[in-house]
Amino acid sequence: MSRDTSKRRVKLLKAEEKVSHRYPKLRVLSQAFSLGTLVLVPLSGLARVDFWGDEHRLFFEPTSLKQALGGVIIGIAAMYVLTFLSNVVAGRLFCGWGCPVGQICRYGDAVERPKLTRWQWRWTHLQGGAYSGLFVLSVLAWWVDLRVFYLGSPVALLVMWPLLAFGVAGAFVHGRWWRWDFCKTVCPIGMYYSIMSPASYFGIHFRNQEETCIECNACDNICPVSLPPRELNLPITNRTGLSIMDAPGHNHCLECGDCIRVCEFMVGQAGKPSAPLRLGYFTGPQHQDRDTALDSKE
Ligand code: SF4
Ligand code: SF4
């Protein structure tokens, strides 16, 4: 994402904050679910390796390192299978709503919103740092009993605290500067999703029968991965990295809903009754490219 594109995006994010919306609450729930799942499996003892205290767990019972390692590997694989299954029915919805890396990118966006007061700026950094910390701790919990952070020997403390600090700094630096370019060009899971996306029946669709589109281009400007939300049926030819060249925009879409929210905001400000962009199953004549939609208006 270029600097100008990023500026336009964060400006719109700031503007739409004026009107409350259902998505922030939904996002808290979806993030709580995915981070909660990540952390509860090892903390409950369902599967956990403990390289510090040798208290390995499998199915809540003490076990050997070998068996716990098998459980952890199966647990991680099961999570991937779950997200792959969600991809079959709902495309890249996990990218837009459940992925903790995407949430860290959102904190990176939030820090750059214009006209933040000094306290808002600090508070946003603190939130991003806390979320990054939670994420890194939830990953570490699969491999070590977290009590090591206060009960560990001096050597263990000397290893674990810098490891945590390095992980949190890395996560937050990623969200602050690399941000959505990771999802767009490097994420291997995203690439898999792009290939497998069931774009033909679920995703963002542009339905302008009531001619409520005011051509404000806010949807184009807010998209974190630089897609044209009104033209997702068309092939995207200028992707770099691991992206699948010439696949329709739907395959690259994270289904994050940012375009929907800003569209609802813009048409609301213009006094229109409904937004032309929707997220859900395709039904009816909206399954068309934008030129066809515009032609049909004439
Ligand atoms: S097209 Fe809309 S839902 Fe898809 S990634 Fe862009 S902003 Fe998110
Ligand atoms: S944000 Fe909505 S109203 Fe504005 S150009 Fe996009 S689809 Fe049209």
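Let me begin in the middle of this predicted model, with its largest nonpolar core, which holds 45 residues, and in which Cys219, Cys259, Val262, Cys263 and Leu277 are the ones that touch the most other members. If we ask which element supplies the largest share of this core, the answer is helix α13, running over residues 258–269, which contributes 7 residues. Where, then, does the core lie with respect to the two domains? Residues come into it both from domain 1, which spans 3–185, and from domain 2, which spans 192–297, and therefore the core lies between them.

Val262 is a useful residue to look at on your screens, since it shows us what such contacts look like from one position. Once we set aside its neighbours within four places in sequence, Val262 is in contact with Leu12 and Glu16, and also with Ala218, Cys219 and Ile222. There is, in addition, a second core, separate from this one and made of 7 residues, with Val41, Val49, Leu58 and Val72 among them.

Now to the ligands, and I will take ligand 2 before ligand 1. Around ligand 2 there are 15 residues, of which Cys213, Cys216, Ala218, Cys219 and Cys263 come nearest. Two elements give two or more residues each to this shell, namely α11, which covers 218–222, and α13. Which of the elements gives the most to the shell around ligand 2? That is α13, with 4 residues, and you will remember α13 as the helix with the largest share of the core we started from. Sorted by class, the shell around ligand 2 consists of 12 nonpolar residues, 1 polar residue and 2 charged ones.

Ligand 1 is surrounded by 13 residues, and the closest of them are Cys223, Pro229, Cys253, Cys256 and Cys259. Cys259 is a name we have met already, as one of the residues that touch the most other members of the largest core. In the shell around ligand 1, the classes come out as 9 nonpolar, 2 polar and 2 charged residues.

Let me finish by stepping back to the whole protein, which has 14 helices and 5 strands. Its radius of gyration is 21 Å, close to the 19 Å that the globule rule gives for 298 residues, so the protein is as compact as a globular protein of that length. Taken along the principal axes, the C-alpha atoms fill a box of roughly 75 × 45 × 35 Å. Of the 298 residues, 36% count as buried, and, among contacts with a separation of 6 or more, 71% are between residues 24 or more positions apart.

Definitions and conventions. Residues numbered from 1 in each chain as written. Chains lettered and ligands numbered in written order. Predicted model: local features only at pLDDT ≥ 70, side-chain atom pairs only at ≥ 80, totals over all residues. Near = placed C-beta within 6 Å. Nonpolar A, V, L, I, M, F, W, Y, C, P; charged D, E, K, R; others polar. Core = buried A, V, L, I, M, F, W, Y, C linked by C-beta atoms within 7 Å. Buried ≥ 20, exposed ≤ 12 C-beta atoms within 10 Å, placed from the backbone. Domains from an automatic or database assignment. Contact = placed C-beta atoms within 7 Å. Rg over C-alpha atoms; globule rule 2.2 N^0.38 Å.
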